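Me: I'm new to this one. Can you walk me through how to read it, feature by feature?

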Amino acid sequence: MLPDLIQLLVGGILLGGIYGLAAFGLSITFGVLNVLNLAHGEFLMLGALMGYVLFTALGLNPFISAIAVIPIFIIAGIGFYLLLLKPISEKPPHQLLVASILITLGASLVIEDLTAFFWERPVTGIAYSLPSLDLAGVVVSSTRLLILLFIFFLAFSLQLYLKKTYIGKSIRGITQCLEGAKVVGIPIVLVSALTFGLGVALAASAGVFYVTLFTVTPVMGIPLSVKYMCIVVLGGLGSLVGSVVGGLILGVAESLTAYYFGAEWSPTIAFILLILILIVKPEGLFGTKE
Amino acid sequence: MNWIQKKPFYFIVILLLGVLAALPWLAVSYTLTLVFFLSVYLTLALSYDIVGGYLGYMNLGHSTSFGLGAYTTAILLNHGFSLILALGLAILLAAAFAAIVSYPLFRLRGAYFALATFGLISLIEVVVTNLRDLTGGSGGISTPPGNNLLPAYYLAIVVVLGTMVFSYYLARSQFGLALFSIREDEEVSRSFGVPTSLYKCLALVISSVPASLVGGVYVWNMTYISPHSVFGLEIALSPIVMAMLGGTGTMVGPVFGAIFITLVQEFLWTKVPYFHLTMYGTVLVLLGLFMPGGLVRTQWVRPLVQRLGLGEEIEYFKKS
């Protein structure tokens, strides 16, 4: 019983780490651009497919691909921002909201439909594994452990980036006060573009890990975006710690639900957590009241 | 606005009603089905607009009401309930569901509300799929067989006309004004004494009524539904695309949008079997980039709509 539980917790924490990484990408994008990117899950899916292609065609190790996709998707994200989101960034709040939902949702449908059309295989996964570790009765896949360590390393370096570099400080500054950031001369467009690219790249990088552990389908993007939003609300807006903790909670909750109630119920738990946190603490676990 | 200025409008309405009533004797059943589907989508688009356009909260999960209505009606019909009773209970269930979820959901704003309501559809879809004994699972559910096209056609027409009239008068009522004020600025609205939480909940409940009713009519005509057919992306998004394309926050907007999209579907989609979602997506992106106000607010359509005396709400997207 206990080993089962620990096994579940380990699995859940790993899944949660992947969730947290991508959710933080969504969170910083929202903080800087004030736009919720409904296509965020699609970029995870694209990253996963790219990881798959790199692994099968070139035999590239997932850990290397996870780094390799970052610059590619930063560029893709900057392009997405300049083409679709910059034109609407000066609109008044309600119009910005409507336009941003239309644009990101539309883009997400286009990405999903085109990928499903050109990617003939409906389900994709890769077989990459290292020998398992046996720790006092609990079997831990060392691949999963390494991935988790890697994700924490990424989160840590991200935190350093946000605290120490000029761009990182600008990102936090714009999140706190857009007007103030403009007054002190932060280049809003440049930082917004970079932030969007960074957010998208984090999702894609998480996607590479996702495909090592689970199967990927082209239609999984929108449900994933919903999950990330649940995590961001759960953890509190704009908080890296919140996203990671929210992701871990969701990951553990999903694996526990799948074990005790059956795998078909695990998609519901994200939403139930969202409803619970909204009733109990609407600003999120690590959020601050406005 | 006195009625002489509206004369052409009344003329058009009476002509249209006559054509719709006589259509079963004039056209083949394919046309009837087409008008039936147009009515279903238009009802969804109009009722979506009560929350999405009047209140300003984008409820991407509007089709949950539709699906709940359809499933409730189907299950009750299978248990020998009469159609009227089944539809009534379906409305009650969907309205109660809307009232319950409105409490947590309206704590979210903006894009978060939109995405959360979108997630609500997949939640209900999973629940419906998993409750196999009640709903038939992913295989779907059939109702007692029979050709109900003609009565269902008239019922759908009545429902859509009722929704249009309701939507028109709602926009001119005190309640409608309160919804507009919440859309413009919720804090100011509350400080002027509008019970914002209650009204938001009421708006969601009201908008769920036509959607669930038309869901029931839909399943009565189709005699078969599956989780995918009532909770799928297509039924969730096309009413919203119609409302946004036509112009939200007006009664005429969704009408324009629904007719436009249905015509496009008729002439284009029967010839191109792929990329339907891509087209929807492209339309959404272009709308967001170039005319979030929709067709009725473009310079070509606006004078026409104003001449018909329906232009009261049309200026909304012009001011910033």
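Me: Where is α2(B) kinked, and by how much?

Reply: A bend at a residue is the angle between two axes, one fitted to the seven residues ending there and one to the seven starting there. In α2(B) the kink is about 45 degrees, with D49(B) at its centre. Keep in mind that this is a predicted model, where local features need pLDDT of at least 70, side-chain atom pairs count only at pLDDT 80 or more, and totals for chains, interfaces and linings use all residues. Residues are numbered from 1 along each chain as its sequence is written, while chains are lettered from A and ligands numbered from 1 in the order in which they are written.

Me: What counts as a helix here, and which residues make up α2 of chain B?

Reply: Helices are DSSP runs of H or I, at least four residues, numbered from the N terminus. Helix α2 of chain B covers residues 29–55. After α2(B) comes G56(B), with a positive phi near 80 degrees.

Me: Is α2(B) largely enclosed or largely open?

Reply: A residue is buried if 20 or more other C-beta atoms, placed from the backbone, lie within 10 Å of its own. In α2(B), 20 of the 27 residues are buried, so the rest of the structure largely encloses it.

Me: How many residues does each chain give to the contact?

Reply: Two residues touch if their C-beta atoms, placed from the backbone, lie within 7 Å. Chain A gives 39 residues and chain B gives 33. On chain A's side, α4(A) has the largest share, 18 residues.

Conventions. Helices (H or I, at least four residues) and strands (E, at least two) are DSSP runs, numbered from the N terminus. The expected span of a helix is 1.5 Å times one less than its number of residues. A residue is buried if 20 or more other C-beta atoms lie within 10 Å of its own, exposed if 12 or fewer, and partly exposed in between; C-beta atoms are placed from the backbone.
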